[in-house]
Amino acid sequence: MAQSPSTPCAVVVLAAGAGTRMKSATQKTLHAIGGRTLLSHALHAADGLGPEHIVAVVGHQRDQVGPEVEKVAAELGREVVQAVQEEQNGTGHAVACGLAPLGEYEGTVIVTNGDVPLLTAETIEGLYRAHVDAQAAVTVLTMKLTDPTGYGRIIRDADDEVTAIVEQKDATTEQLAVDEVNSGVFAFDGAVLRDALTRIDTDNAQGELYLTDVLGVARADGHTVSAHVAADPRELAGVNNRVQLAEAGKELNRRLVEQAMLGGATIIDPDTVWIGVNVRIGQDVTIHPNTQLWGATTIADGAVIGPDTTLTDMSVGERASVIRTQGERSAIGADATVGPFTYIRPNTVLGNRGKLGGFVEAKNATIGAGSKVPHLTYIGDATVGVESNIGASSVFVNYDGVKKHHTTIGDHVRTGSDTMFVAPVTVGDGAYSGAGTVITKDVPAGALAIKEGRQRNIEGWVEEKRPGTPAAEAARAARERATNEDNQEG
């Protein structure tokens, strides 16, 4: 269900650029950090303001960008209008395209960018409040940098109003000393913006319509142009290449790891733990180094995760332990133990107090409370009851070359090492199997399934069939020793 707007404004998110510096077949804003695309981060931040309208301006590779906008709109439960910029003729032209679907909108228009993923809804709201309080026609979101190289400088007058944004190549020595710079995020009076965009021109080095030229038009008409300084300039870092993508991802992860620790989790080495934006972590959780948590993963109170663990869309219950494991789209119950070197594939459910041990692979399997699959086993397309134990090196043989079949193991079952369950097959409650058993028929409750046939030894086979090999020489030497020992005893 769409949420009711809480702020009388519209947000225009610019996402039409080519982003050639990314050197990628993927459109720039569709690269991801923290499990969410850059564009998705920007749209989530815009939605956090609760605006009346959100418009995404798409253009370059819109066959890729359009579906992403639709996906995020569905996540947000609200409409996100797509406006098409057929040719990329500058930021002013992009905003004009974004205003078109809004008609004669008179409210505040926030303009932000799809390649600024760290910008928060709180900062956007701060810009909006400052704009309204100043009764300004234009408010530019600025930041103060120790090294402002490359940014347009904010020039203010004696009344602290913004008189111009001067690009570095056009700045005087005095202007270059200014540490307040343009972030590229603005708040506009809708009517002033719409009018000014019809009056700016392309008389500049790039031959494009610059959004920043709107400030000069507004001032010439006697309107107030103000600025609002962002508290944290890191929020406004744009992503134009893979280096900046990695830097933004690291900063986002720092925030998420810090949030988890402040929420009551112990993270042993924050520099090697990665957490996605949709991950939820409880209190008294311990996360060891080299752990990655992605998607809609949830970690309940008291769980221990890692080291060397990657979980995606996983649910981990209270006090569970998951060590050196890769898991996806599955659930681990309370007090369960997993690992080390365990591979959990989709649709696996491990019950409370259950175990998936070392070098176990599980897929589409439900393992009941207290049941254990301790080590060196593949379990797929199976149901295991409660308090059962699957012997080491067992295989659930679920594929006949054409179709997958299901195996059902009852409660309190004990199966020997190296048991093969050739599906479809059912093992009844309380049943046992001997080591090396190949189960091809159902096993009744309480029965012992064993492999039929006696062991047969063929004497001298190695020396005859593998002459000259180390095995044959070892066998010959052993036979000669045995013969000598028999002679001495005789």
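**Salt bridges in the predicted model**

The structure holds 27 salt bridges. The coordinates analysed here are those of a predicted model. Side chains of opposite charge can pair when their charged atoms come close, and three such pairs are described below, together with a network.

Within helix α8, which spans residues 242-262, Glu258 and Arg254 lie four residues apart and are thus separated by about one helical turn. Their side chains meet in a salt bridge with an N to O distance of 3.3 Å. Both positions are partly exposed: the relative accessibility is 39% for Glu258 and 32% for Arg254. The two residues also belong to a network of salt bridges, in which Glu258 and Arg254 are linked with Asp232, Arg234, Glu251 and Arg255.

A further salt bridge joins the side chains of Asp308 and Arg324, at 2.9 Å from N to O. Asp308 is located in the loop between β18 (304-305) and β19 (309-312), whereas Arg324 is found in the loop between β21 (321-322) and β22 (325-328); the pair therefore ties together parts that are 16 residues apart in sequence. Asp308 is partly exposed, at 35% relative accessibility, and Arg324 likewise counts as partly exposed, with a relative accessible area of 33%.

Arg319 and Glu318 also form a salt bridge, in which the closest N and O atoms are 3.2 Å apart. The relative accessible area of Arg319 is 46%, which places this residue in the partly exposed class. Glu318 is partly exposed as well, with a value of 36%.

How values were computed: Residues are numbered from 1 along each chain as its sequence is written. This is a predicted model: local features need pLDDT of at least 70, side-chain atom pairs count only at pLDDT 80 or more; totals for chains, interfaces and linings use all residues. Side-chain values use heavy atoms; hydrogens and water are left out. A salt bridge is a side-chain nitrogen of Lys or Arg within 4 Å of a carboxyl oxygen of Asp or Glu. Helices (H or I, at least four residues) and strands (E, at least two) are DSSP runs, numbered from the N terminus. Buried means under 20% relative accessible area, exposed over 50%, partly exposed in between (1.4 Å probe, protein chains only).
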